[in-house]
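Please look at the fold shown here and consider how its interior and its sheet are put together.

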Amino acid sequence: MPEHEAGGAPGTPAHEVRDFLRRRREQIAQRWADEPLFRTVFTVSRDEAVEAGKAVVDALAQVADAQRVEDPDAAGFTAVREQLARMGAARSRAGLSATQVASELAALRPPVENLLIADLEQAPPEELRECSTTLSVLMGTLRLVAMQTALSEIQALTDRQRLQLLEVATPVIKLWDGIVAVPLIGTLDSARSQVVMETLLNAVVEQHARFAILDITGVPTVDSLVAQHLMKTVAAARLMGAECVVSGIRPAIAQTIVHLGLDLGTVKTRASLADALGYCLHELGTNIVHAAPGGAGRR
């Protein structure tokens with residue numbers, strides 16, 4: 001294997017930068033600890049920020065040793081990816097935009113460059129220029145790695161929050177012993193339909209429900225995809241031993257279903273949630289009475 005591929009070939013700018021980083025590891029970490037990115041993330045103690053800075057310097061030195069200063073996938077970055085992601089995500093949660101986070105990452109470069117210039121003050125101008133260029137590229141790659149990992153962390157957090165909102169927006173209500181209902185409001189898409197199915201089936205098991213009501217009064221439109229999701233939910237509930245009733249099919253939705261040629265013949269439907277509940281209670285053998293003038297009457 002050629003010497004430069006093995007990493008750290010003597011005399012190369014990458015080798016010089018590696019040695020510089022290892023030599024000035026403490027000073028770099030101390031200066032970074034005063035930068036907003038480290039200072040505002042590691043608030044417990046300054047020593048914590050310094051140790052985090054040392055870990056990043058070690059990663060940069062490893063990348064320089066492998067002479068992969070332009071490669072964001074270099075193995076040296078692996079050890080600090082999670083840390084960088086947490087730092088970037090923490091700043092984003094604090095209200096900073098991606099541009100502002102990138103600016104704070106860019107602010108880590110001048111302290112290191114100043115130390116390098118002071119360190120190579122007696123070196124030939126060409127050597128200083130090459131080492132400065134190599135360090136600039138390496139710091140730019142670090143910035144790219146940090147932004148990539150931070151954005152991935154933010155996206156993961158956004159996905160988790162979206163799922164939590166879907167679950168909150170899809171409550172399962174126990175209406176009676178053996179009867180649960182899911183009132184749906186808003187547009188149904190594939191992701192939400194999956195949450196509806198999972199939430200409803202879990203409720204059927206937990207409540208030992210014999211009937212499950214899907215009320216779509218608050219669903220503005222029903223297309224073929226939504227209808228398919230409803231059919232799958234009904235079928236899944238049936239497999240769990242519960243009969244599923246769909247209520248709240250308004251005239252406009254009924255016309256849409258007819259125009260689409262969708263067959264809901266196997267699905268129990270009722271005009272309203274009250275009608276669906278009445279049907280379920282009747283099937284359970286429960287008598288419903290209502291107050292009437294002159295005394296209680298049986299319905």
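The questions below take up the cores first and then the sheet.

This is a predicted model, in which local features need pLDDT of at least 70 and side-chain atom pairs count only at pLDDT 80 or more, while totals for chains, interfaces and linings use all residues. Residues are numbered from 1 along each chain as its sequence is written, and side-chain values use heavy atoms, with hydrogens and water left out.

Q: Which helix supplies the largest share of the largest nonpolar core?
A: A nonpolar core is a set of buried Ala, Val, Leu, Ile, Met, Phe, Trp, Tyr and Cys residues joined through side-chain atoms within 4.5 Å, buried meaning under 20% relative accessible area with a 1.4 Å probe and protein chains only. Of its 44 residues, Leu 21, Trp 32, Phe 38, Leu 60 and Leu 138 touch the most other members. Helices that each supply at least two residues include α2 (13-23), α5 (46-65) and α9 (125-168), helices being DSSP runs of H or I with at least four residues, numbered from the N terminus. The largest share, 10 residues, comes from α5.

Q: How many residues does the other core hold?
A: Apart from the largest core lies another, with Leu 200, Ala 212, Leu 230 and Ala 237 among its members. Its count is 27 residues.

Q: Which are the edge strands of the open sheet?
A: Five strands (DSSP runs of E, at least two residues) form the sheet in the order β1-β2-β3-β4-β5, with mixed pairing, where two strands pair if DSSP finds at least two bridges between them. Pairing on one side only marks the edge strands, β1 (173-176) and β5 (268-270).

Notes
Buried < 20%, exposed > 50% of the residue type's maximum accessible area, 1.4 Å probe, protein only.
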